Amino acid sequence: MKKTIKIYTYAACMITVFFTACSKDFLIKPPTDAITDGNFYKTDDQVLAATALLYSKVWFDYNDKASYNLGDFRGGTAFSAWNDRGNVLFNTTGSTPENGSAWRSFFIVVGQSNLAIQNINTYAGAEVSESVKKMAIAEARFMRALAYRFLVMNWGEVPVIENNLTLLADTSVTRNTIPSIWKFLTKEMRSIAEDLPETPLRPGRLTRWSAEGMLARFYLTRAGVESSGGARNQVFLDSARYFSERVIKNSGAALLSNYANLFLFPYDNNAESLFSLQWVYSGPTTWGTQNSTPAYLAYSPDIANGDGWGGDKGATWWMISMYDGFNETSDGKLKGRTLDQRLKATFMLPGASYPEITQTITGGKQKLIYPFTGTDNNFLAIKKYVTGKAEDVGGASASQRYGNDTYMLRLAEMYLIYAEAVLGNNAETTDVNALEYFNKVHMRAGLPAFEDPITMDVILKERFKEFAMEGMAWYDLVSLHYYNPQKAYDILSAQDRGLFFTEPDQFPNPTQWTFTKTSWFSERNITANSGNFRLPIPDAELSQAPNLLKPATEYQQ
């Protein structure tokens, strides 16, 4: 059954021309070709259809491949052995494709959000209710703020643009400073929260709790941005704690009892989701409202729809070492098994079975058993967001066209933000509430209660496992880098991103695995430092917008 917001997304696409923001000069001349017909914004349904695009198409270039290239390949949770090597090896350049597509997508979000705000204010008719008008504008402001969060964390100083038409006549626009951008983002999100309803107006729509959840995330990061002597700003830590607890107690959201269910079709808009990108399976006449990412993650066409190009992608050695139960042997191997259910739900190990996915084999089909192949290297393929063939999802998928949503904020993060905010600048904490909330996430994964003091290393490890392949690891490290850059460099530089061989003790249904590094593969580690940590502004944008080379100034709100 189609979700309401997805129907609106599709309808809006049918009456909207393609975004000219895909051109290289979109930063100089932001997109102006959204729904501008004054006759369109006459009813609540029309206004909601207009903002529905902000939940999908504007994010497409980011979601397509850049989300995992930046969030997971640069973050070190996963790697590609033969492709996307610039991001894996931490030498992303101004010409790296995913660098440009992410930058472009985020500024498309900014530009289209600005135009939505302008058009609603200009054209909304008398029949449009004030509540819908206020909510739709808040939706656009939310998307713009989230896009700027990605922009400032990846590229540092960027220009804050709130009015596209003003920019068209202003050739002096330059980048803004990082602290002033974060000040803008937290102030903006606080205002947005006031204008969003406490329950979604339609399935998948933003709520007050989406905004307050983002506020918890924003304040936790801003505490590092405005640190002093390595100590995070206590006022902002307290704000992160306050808003995360409000969402936990008041939103009505709840953790799913089984972690794997977060990614089993149809999981969209479940009780744990606070905000997701809303994709829809679409036919051959539309492009950009569907989720294309599974095409690049599925390890083989055997489990896909004529795509399945992720055969050289998988968990890094470093990522596997995060899971409790795998221990290093005297000869440098890893061996064992884990009770952590997140591993099987995120990465496929040889012999693991996935009855929800159909696998093509010689002579027929079967329920997926991840194969055991190779003699000195193989891949722990990506499972998360891979939902299988069309027959596995009621016919609602085709090559590069999937309908499953992309999580952008889950309740689990609120529990971990609360624990980290309580920890704050202390070396450890035994706070009862922090331990309780931490264990909500930890024990949901099938692990015993964590009873030791919580440290920053403990929280980071939990976050890496909880959100692997959700495009999060890189941004966790950027947040850390704001107040403790050397620790961020040390984590990245210690990661093993090279090939290895995984052998099950029996096939299928293994009880343990042995991991052995591939001896002939040399590109195992990267060296992170101040010279390569931040992404470079894409070359195409620098050539079109030379003001991006000028010194940053404080953003005046």
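Mentor: Start with the vocabulary: helices (H or I, at least four residues) and strands (E, at least two) are DSSP runs, numbered from the N terminus. D84 lies in the loop between β1 (78-80) and α4 (85-88). This is a predicted model: local features need pLDDT of at least 70, side-chain atom pairs count only at pLDDT 80 or more, while totals for chains, interfaces and linings use all residues. Residues are numbered from 1 along each chain as its sequence is written, and side-chain values use heavy atoms, with hydrogens and water left out.

Trainee: What makes the phi of D84 worth a note?

Mentor: Its sign. Phi of D84 is near 55°, a positive value, and D84 is a residue other than glycine.

Trainee: Which loop holds Y385, and what is its phi?

Mentor: Y385 sits in the loop between β7 and β8 (397-398). Its phi is positive, about 75°, although Y385 is not a glycine.

Trainee: Why does Y385 count as buried rather than exposed?

Mentor: Set the value against the cut-offs. Buried means under 20% relative accessible area, exposed over 50%, and partly exposed in between (1.4 Å probe, protein chains only). Y385 has 6% relative accessibility, so it counts as buried.

Trainee: Now helices. How do you describe two that pack?

Mentor: Two packed helices are described by the angle between their axes and the distance between the axes. Axes are lines fitted to C-alpha atoms, for helices over the stretch in contact, and angles run from 0 to 180 degrees between N-to-C directions. Take α16 (residues 456-467) and α17 (residues 473-483): their axes come within 10 Å and cross at roughly 155°.

Trainee: Why is α16 called roughly antiparallel to α17?

Mentor: Angles under 35 degrees count as roughly parallel, over 145 as roughly antiparallel, 65 to 115 as roughly perpendicular and the rest as oblique. The crossing is at roughly 155°. That makes α16 roughly antiparallel to α17.

Trainee: Which residues make that contact, and what is their character?

Mentor: Contact means heavy atoms within 4.5 Å. M456, L460, R463 and F464 of α16 touch A473, D476, L477, L480 and Y483 of α17. They divide into 7 nonpolar, no polar and 2 charged. Ala, Val, Leu, Ile, Met, Phe, Trp, Tyr, Cys and Pro count as nonpolar, Asp, Glu, Lys and Arg as charged, and the others, Gly among them, as polar.

Trainee: What hand do the crossings have, left or right?

Mentor: A crossing is left-handed if the near helix is turned anticlockwise from the far one by less than a right angle, and right-handed if clockwise. α16 passes α17 in a right-handed crossing. The crossing of α14 and α15 is left-handed. For α14 (residues 411-423) and α15 (residues 432-444), the axes come within 8 Å and cross at roughly 145°. Their contact divides into 10 nonpolar, 1 polar and 2 charged residues.

Trainee: On to strands. How do you know that β6 and β7 pair?

Mentor: Two strands pair if DSSP finds at least two bridges between them. β6 (residues 353-361) and β7 (residues 364-369) have 6 bridges, in the antiparallel sense. S353 stands opposite I369 in β7. The two strands form a hairpin with 2 residues between them. In its turn, G363 has a positive phi of about 90°.

Trainee: How do you know that β2 and β10 are mostly covered?

Mentor: Count the buried residues. In β2, 5 of 5 are buried. In β10 (residues 406-410), 5 of 5 are buried. These strands run antiparallel, joined by 4 bridges. S276 has Y407 in β10 as its bridge partner, and S273 has R410.

Trainee: What makes β4 and β11 edge strands?

Mentor: Each pairs on one side only. The open sheet has 4 strands in the order β4-β5-β12-β11, with antiparallel pairing. Its neighbouring strands are turned by 20° against each other on average, direction ignored. At the β11 end, 5 bridges join β11 to β12, and P504 stands opposite W513 in β12.

Trainee: Which loop holds P508, and what kind of peptide bond joins F507 to P508?

Mentor: P508 is in the loop between β11 (500-504) and β12 (513-517). The bond from F507 is cis, with omega about -5°. F265 and P266 are also joined by a cis bond, with omega about -5°. P266 lies in the loop between α10 (234-250) and β2 (273-277).
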